[in-house]
Amino acid sequence: MFDELIKIDVKTLRTFMAIVECQGVTAAQSRLNITLSVISGHLAHLEDRLEMTLCHRGRGGFKLTEDGIAVYEACLSFQEAVANFEHQLHYIRQLDSVRGGHIRLCLADQLPTFFYEALRQCLSVSYSKNPLIHFSIDVQSPESMLENLLSNESDIGVGYFGSFPPSLTFKPAFTEKQVVCCGREHELFHQTDALTFEALEQHYSWVKRGYVVDHKINHIRPRILSATTYHMDATAQLILAGHHVGYLPHDLAKRYQEMGLIKILLPEEASYEVKHHWAYRENLHKQAKGFLDQMFALLSEQTHQD
């Protein structure tokens, strides 16, 4: 239908509306300021495209057919839609002005506390300086994040990535420690005997990450994998349920441990570090680039303070 509309031409529709509202081709001439032959040509073109007779002209005067009435009403709806479209474009231009912008941000879930502190500070500064700015923030798996960045559905992503598509730019964000945990209902929670790395790897049920993790950074190879998750919250729920052990970010595990709900197992032997990266297209609009530069600076300050 949209292709058909392009063939019809908006100018032709406006000519038809003027003919109806002026009650005739001749009467529409002064409003449109074009010749009678051009007006008649537009009307004939429209009737030909729609395969309808829209009006009767002659000694009896100008009169719309039933199809003509329906098409005119459709034109009114179209005119209203165009006005709304123009209004939205005007708003988008405002957002893209010096005091506006739309930033689409996607995050891995359960990032370190210092990252969220920097993010809150950056959001506060952004809205203070640019009251019209608009943030869309989503939590996504690494694979979904890359897909959205590549399809231009997101502007900036931050998380762990197993691959680095060349059409995106990647910059180091921070390093995060991953630790193995069990819940309070798990047999290992109250075990006093020394747990060995081999026993942890071979004799207990594990929850597996649904996305790809580089085996070079994680040296543990669980034998029993009986659950799969794509988000840290889901991993935590399985661990808290008491049947599985699995990896959680250190900050999240520490919070649960302080509540007495989780125990971190073999923190020195079984833990590993993950490098998180910023991911974005190089041609970021100025508001998104400004936000990213602010986050770079804030995280750099956090690193130096630590």
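When I say helix today, I mean a DSSP run of H or I at least four residues long, numbered from the N terminus. That matters straight away, because α7, by that definition, is the helix we start with.

Okay, so what we have on screen is a predicted model. Just after α7 comes N152, and N152 takes a positive phi of about 65 degrees. N152 does this although it is not a glycine. You'll find N152 in the loop between α7 and β5, the strand at 156-159. Is N152 buried or exposed? Neither, quite: its relative accessibility is 39%, so N152 counts as partly exposed.

Now look back at α7 itself, residues 142-150. Its buried residues are P142, M145, L146, N148 and L149. Around the axis they cover an arc of only 165 degrees, so they sit on the same side of α7.

Let me zoom out for a second. The protein has 306 residues, and 43% of them count as buried. There are 11 helices and 11 strands in the protein. And if you take the contacts with a separation of 6 or more, 65% of those are between residues 24 or more positions apart.

Right, on to the N-terminal helices. Start with α2, residues 10-22. How does its span compare with what you'd expect from 13 residues at 1.5 Å a residue? The expected span is 18 Å, and the end C-alpha atoms of α2 are 18 Å apart, so the two agree. The buried residues in α2 are T12, L13, T15, F16, M17, A18, I19, V20 and C22. After α2 you hit Q23, which has a positive phi, near 60 degrees.

So which residues of α2 meet α4? From α2 it's K11, T12, L13, T15, F16 and I19, and from α4 it's I39, H42, L43, H45 and L46. By class, that contact between α2 and α4 has six nonpolar, four polar and one charged residues. If you want to pick out the charged one, it's K11, because Lys counts as charged. As for geometry, the axes of α2 and α4 come within 9 Å and cross at roughly 110 degrees. Anything from 65 to 115 degrees counts as roughly perpendicular, and α2 and α4 are therefore roughly perpendicular to each other.

Helix α4 has another partner to look at, and that's α3. Here α3 is residues 25-32 and α4 is residues 36-50, and they pack at an angle of about 110 degrees with their axes 9 Å apart. That makes α3 roughly perpendicular to α4. On the α3 side you have V25, T26, A28, Q29 and L32, and they meet L36, I39, S40 and L43 of α4. The class count for α3 with α4 is six nonpolar, three polar and no charged residues. If you're clicking along, select I39 and L43: they show up in the contact with α3, and they show up in the contact with α2.

Between α3 and α4 there's a loop, and N33 lies in it. N33 has a positive phi of about 60 degrees, although it is not a glycine. N33 is exposed, with a relative accessible area of 68%.

Next, further down the chain, α9, residues 232-241. The buried residues there are M232, T235, A236 and I239. Looking down the axis of α9, they fall within an arc of 100 degrees, so they line one face of the helix. What do those buried residues pack against? The list is β6 (169-183), β7 (205-209), β8 (224-229), β9 (245-249), α10 (250-258) and β10 (262-265). And α9 is followed by G242, whose phi is positive, near 105 degrees.

Two single residues to finish. A199 has its place in helix α8, residues 197-202. Its relative accessible area is 16%, so A199 is buried. Along the chain A199 and P222 are 23 residues apart, and their C-alpha atoms are separated by 9.7 Å.

The other one is I133, in strand β4, residues 132-139. I133 counts as buried, at 6% relative accessibility. From I133 to L123 is 10 residues along the chain, and 9.9 Å between the C-alpha atoms.

That's my tour, thanks everyone.

Definitions and conventions. Residues are numbered from 1 along each chain as its sequence is written. This is a predicted model: local features need pLDDT of at least 70, side-chain atom pairs count only at pLDDT 80 or more; totals for chains, interfaces and linings use all residues. Side-chain values use heavy atoms; hydrogens and water are left out. Buried means under 20% relative accessible area, exposed over 50%, partly exposed in between (1.4 Å probe, protein chains only). Helices (H or I, at least four residues) and strands (E, at least two) are DSSP runs, numbered from the N terminus. The arc is that of the directions from the helix axis to the C-beta atoms. Axes are lines fitted to C-alpha atoms, for helices over the stretch in contact, and angles run from 0 to 180 degrees between N-to-C directions. Angles under 35 degrees count as roughly parallel, over 145 as roughly antiparallel, 65 to 115 as roughly perpendicular and the rest as oblique. Contact means heavy atoms within 4.5 Å. The expected span of a helix is 1.5 Å times one less than its number of residues.
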